[in-house]
Structure formats: structure tokens, C-alpha cells
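Please take a moment to look over the sequence and the model shown here, and keep both in view while you read. The paragraphs that follow go from a single annotated position to a sheet, then to the nonpolar cores and the aromatic pairs.

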Amino acid sequence: MRNMDNEMQDEKVMAKLETKALKAKRPGFTDERYNETSYYIENGLRKVYPYYFTFTTFTKGRWVGEKILDVFAREFRAHPAEEYERCIRTGSLTVNYEKVDVDYRLKHNDLLANVVHRHEVPVTADPIAIIHMDEDVVVVNKPASIPVHPCGRYRHNTVVFILAKEYQLRNLRTIHRLDRLTSGLLLFGRTPKKARQMEQQIRNRQVQKEYVCRVEGEFPDEVVKISEPIEVVSYKIGVCKVSPKGKECSSTFHKLGYNPESNTSVVLCLPHSGRMHQIRVHLQYLGYPVVNDPLYNHTVFGPEKGKGGRIGKTDEELIRDLISIHNAENWLGMDGDSELSMFKPLFDDEDKVPSREPSPCENGGSPVQLQPPPPAPCPAAPLQLAAVASTKVTVATQTGHEAPDLVFKPERMSTDPHCYECKVKYRDPKPRDLVMYLHAWKYRGPGWSYETELPEWARVDWTESDAD
């Protein structure tokens, strides 16, 4: 067993390698990053064995000249100042990969690195179905709850990591993205040329997108067209609203059916622009929010939930109220890194359930067990491809497949006596927490088209009881 100093040294090396890769503008990550941990399936969830990870960030202008401990106590409130003081004194929190004193004053371009024992959030264990693959593109059907790329509290539990680790599909270029809770079509380029070409098609509005959602209330029978501009209220927590100060934006909606039992409608959505949260914001404005949208279907936007743009508070008040209701990263489902999570993942207090049973990560006073070697890859197996509707499946490259553990294996669990999350058992998310009733159904561009199967909740006669 290696000691903590060796483990931290390895983390430094890996962080430097990854920095070099980013500077070279190469997509993907190093093999060391992919192999730093593995998955297991439990209660229908894909879980990640905890692992050591180095968060890094450069000194921000407003921090220059301040003591490092003061900055962490103020800016990163996931833990008390005493914990950051311990990290600085033990050398797990460094400046330019060098141990410093708690009174060290930050300088311009200082690189802060914090070695943490990282616990990722579970996502659905539903498989990522490959819709189409050739030498230029990979098209998948993304399950809800899985972010596209590493962000916030998600790293290995992301589409790009799962495709790389389990299907050996590495160095994929993201052409577009979907929100974490949104399911459906996701396109990746396998070559820089193809990725740029398809990005240009989307930018030039040569790609027609069709989404399906389930909304509250009886949607109008006639086709509804809306051209209200959308403004980003806060990039930090990912919130938008209809505003005359926003960018032009248009959407068309068609009702596919109404279910009087649940008072919900299934709606076809055609976004003609590509604004952040466009469909969700336009439906909120129309007064028919997505049934289980955790953000835009909420009275934090006012008693009418933002219908007609009637929010009744300033942007600053809206942001304040959103953060006060729930942890911004957890509840709002932030898909981008932020100062809130740069050095330590945050959790919603409601998800913290102290357990009377010993947590699988508690070491009970035994010596620290550092991350074990990753499991050996399974023998190469044919990639499971899903032919959907009229979409033709083309396989140009045979890939290997590394399956996750089907049961939890205690010997692969690492622990750290200083890790807060190791001492707390977190309740598994409920199925309703893992999905939003919004699905990217069909994409069509010059000379190509892809579509997925529709989820169960898209049936007009479907009710919430069917999900149980």
C-alpha cells in the first residue's frame, strides 16, 4: 500500500499531464484519469467508487494579496476554515504544487491545487444506446441524469467518460449538449473536421431539432409559435428568463395529446434558435411548464411560476432566492464548473441522511485504504447497437467493452479518515429525481437524420403511477 505522500505526488503528475493535454487542444483525458476508479451498479444506479482527485484553479484577481486561508474560508464554504487550515498544513492544498504556510499571500497566476477524496453523485444505470456510428460521428441516446461532460460533482459519471471507459470511444468532440436531466439524441464528432462541419450547420440553423415533453395543463389545440427573447440571468447557476434585453429566440409547439386524468399534455417542441434552456423557458412563459422541471416549474419565479414573464423580483433577488432554496449545483443541475464546486463538491442538505448502519466508506478506525488498481478490462465484445425507427446503423470501428461491477465490491472502496463524505451515508436518489420529461427526439441536417425511441412518459395515456 502506498502512503499518502506518494498518492498525492501521483496526483500532481496526472494533473500536469492533463494540463499539457488541454494546452495541446486535444479532446479526452489521459489513461491515468480514466483508470483512477471504476463503476458498480446498485439499486438501478451507476455509482463510482470514491477516488483521490486534484482540483486546480488559478488565483483570481480579487484574491491577489490575500492570505490563502482567508480566501478559502470565504470563497469555498463547503467546509469550515479549520478543515482548509488542516489541508494547507498537511500539504494536500498547495500553491504551484508547493507546500505553503497558512499566512501565504496569493500572487498573480498562482496555481492552487487541492487533493480531495472525491465522491461522485449516482446516475441512472440505464445504458447509453448507440444509435449510429461511423468513422466521422457517434450518435447516442443519452439517458436522463447523466451529464454530457465532466462538470461540478460529475466526472466518471458522464457520457464522455462512460463511452471512453466502457466502449473505448475516446477523443470524441462534443458537437452540442443536452442538460443533465434531459434525455435523447446526442451527437459527437470523431474527427475535428466533422465536428466543425456539424457545429457550423447547427450555428447556421441548418439543423432541425424535434423534442417531446410533458407539460402541466391542457395545452392549446392550435400550433403555438413564440418569439420571446431569452436572457441569461446567471451563468454561474445556469438560470434564464424571457426578457426584452435577451437574444432573439423562437420556438413552435404542437400538442400531441392531453391526459385529463393527470391534467398533463404531451407536446412536440421545435426550437428554431439555440438558446440556453430555450424550450423550458418558453413553456414557462406560456404557462405550461414541464411537469417535473426542478427549476422553471417553481414558485420561486412568483405565484404564477413565471407565466407571462411575471416574476415580481429583481435578478439579484431571484438568484438569491434560488440559492437559498436549494444548493445551486445540486438542485439546479448545473452543467458547468463554478466557484461553488471548484475545490469540493457540494451536496444538498436534504440529501444527507445520517445512517445508523455503517457507511461502506467508513473505515472504523482502520488504516487508510488508498485507491486500488482498476479492474482488468473484460474481453473485447461486440458493441451493442440499437437500430431505432428508420435510422440506419453503421459500424466502422469495432470497439471493446468494459462492464461495470454488477454488485458492490468492498475491496475496491477507498476511504480517508479526513473525508467528510466517508462518514455520512447519502440516500439514493429516487427515480423521479433522475429524469425531467423533456427528450431530444429527432435531429435532421443536410444529408443526415437521426432519431430515438420515445420514452415511456411520452405516451399520452401515461401517468406517474406507471413509473412506480
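**A walk through a predicted model**

In the UniProt record, an unreviewed entry, the feature "active site" is placed at Asp 179. The structure in front of you is a predicted model, and in it you can find Asp 179 in the loop between β9 (173–174) and β10 (183–189). Is Asp 179 buried or exposed? Its relative accessible area is 14%, and because buried means under 20%, Asp 179 counts as buried.

From this loop, turn to an open sheet of three strands, whose order is β3-β5-β4 and whose pairing is antiparallel. The edge strands are β3 and β4 (93–95), each of which pairs on one side only. If direction is ignored, neighbouring strands of this sheet are turned against each other by 20° on average. As background, the strands of a sheet pair through backbone hydrogen bonds, either parallel or antiparallel.

The two pairings can now be followed one at a time. Strand β3 is joined to strand β5 (residues 111–118) by eight bridges, and the two run antiparallel. Along this pairing, Thr 57 stands opposite Leu 112 in β5, while Phe 53 has Val 116 of β5 as its bridge partner. On the other side, three bridges join β4 to β5, again in an antiparallel arrangement, and here the bridge partner of Val 95 is Leu 112 in β5.

How many residues of β5 are buried? Eight of the eight are, so the strand is largely enclosed by the rest of the structure. Both of its faces are covered, with Leu 111, Ala 113, Val 115 and His 117 buried on one side and Leu 112, Asn 114, Val 116 and Arg 118 buried on the other. Strand β3 (residues 51–58) holds Thr 54, which counts as buried at 5% relative accessibility. The C-alpha atoms of Thr 54 and Ala 113 are separated by 6.2 Å, although these residues are 59 residues apart along the chain.

The next topic is the nonpolar interior. In soluble globular proteins, nonpolar side chains tend to be buried together. The largest nonpolar core in this model has 66 residues, and Leu 163, Phe 188 and Phe 253 touch the most other members. Helix α5 (residues 159–167) gives this core its largest share, seven residues. If its neighbours within four places in sequence are left aside, Leu 163 is in contact with Ile 128, Ile 130, Val 140, Gln 168, Leu 169, Leu 172 and Phe 188. Apart from the largest core lies another one of 16 residues, among them Phe 72, Cys 87, Val 100 and Tyr 104.

Finally, consider the aromatic rings, for which the count comes to 14 aromatic pairs. In one of them, the rings of Tyr 34 and Phe 161 have centres 5.1 Å apart and planes at 65°, so the pair is edge-to-face. Tyr 34 lies in helix α2 (residues 31–34) and Phe 161 in helix α5, so this pair ties together parts that are 127 residues apart in sequence. Tyr 34 is buried, with a relative accessible area of 4%, and Phe 161 is buried with 0%. Another edge-to-face pair is formed by Phe 53 and Phe 55, with 5.0 Å from centre to centre and 80° between the planes. Phe 53 is buried at a relative accessible area of 6%, and Phe 55 likewise counts as buried at 6%. Tyr 40, Tyr 49 and Phe 408, in turn, form one aromatic cluster.

Definitions and conventions. Residues are numbered from 1 along each chain as its sequence is written. This is a predicted model: local features need pLDDT of at least 70, side-chain atom pairs count only at pLDDT 80 or more; totals for chains, interfaces and linings use all residues. Side-chain values use heavy atoms; hydrogens and water are left out. A nonpolar core is a set of buried Ala, Val, Leu, Ile, Met, Phe, Trp, Tyr and Cys residues joined through side-chain atoms within 4.5 Å. Buried means under 20% relative accessible area, exposed over 50%, partly exposed in between (1.4 Å probe, protein chains only). Helices (H or I, at least four residues) and strands (E, at least two) are DSSP runs, numbered from the N terminus. Contact means heavy atoms within 4.5 Å. UniProt positions are given in the numbering used here, feature names are shortened, and annotations may be inferred rather than shown by experiment. Two strands pair if DSSP finds at least two bridges between them. Axes are lines fitted to C-alpha atoms, for helices over the stretch in contact, and angles run from 0 to 180 degrees between N-to-C directions. Rings of Phe, Tyr and Trp (its six-membered ring) pair if their centres lie within 6.5 Å; planes under 30 degrees apart count as stacked, over 60 as edge-to-face and the rest as tilted.
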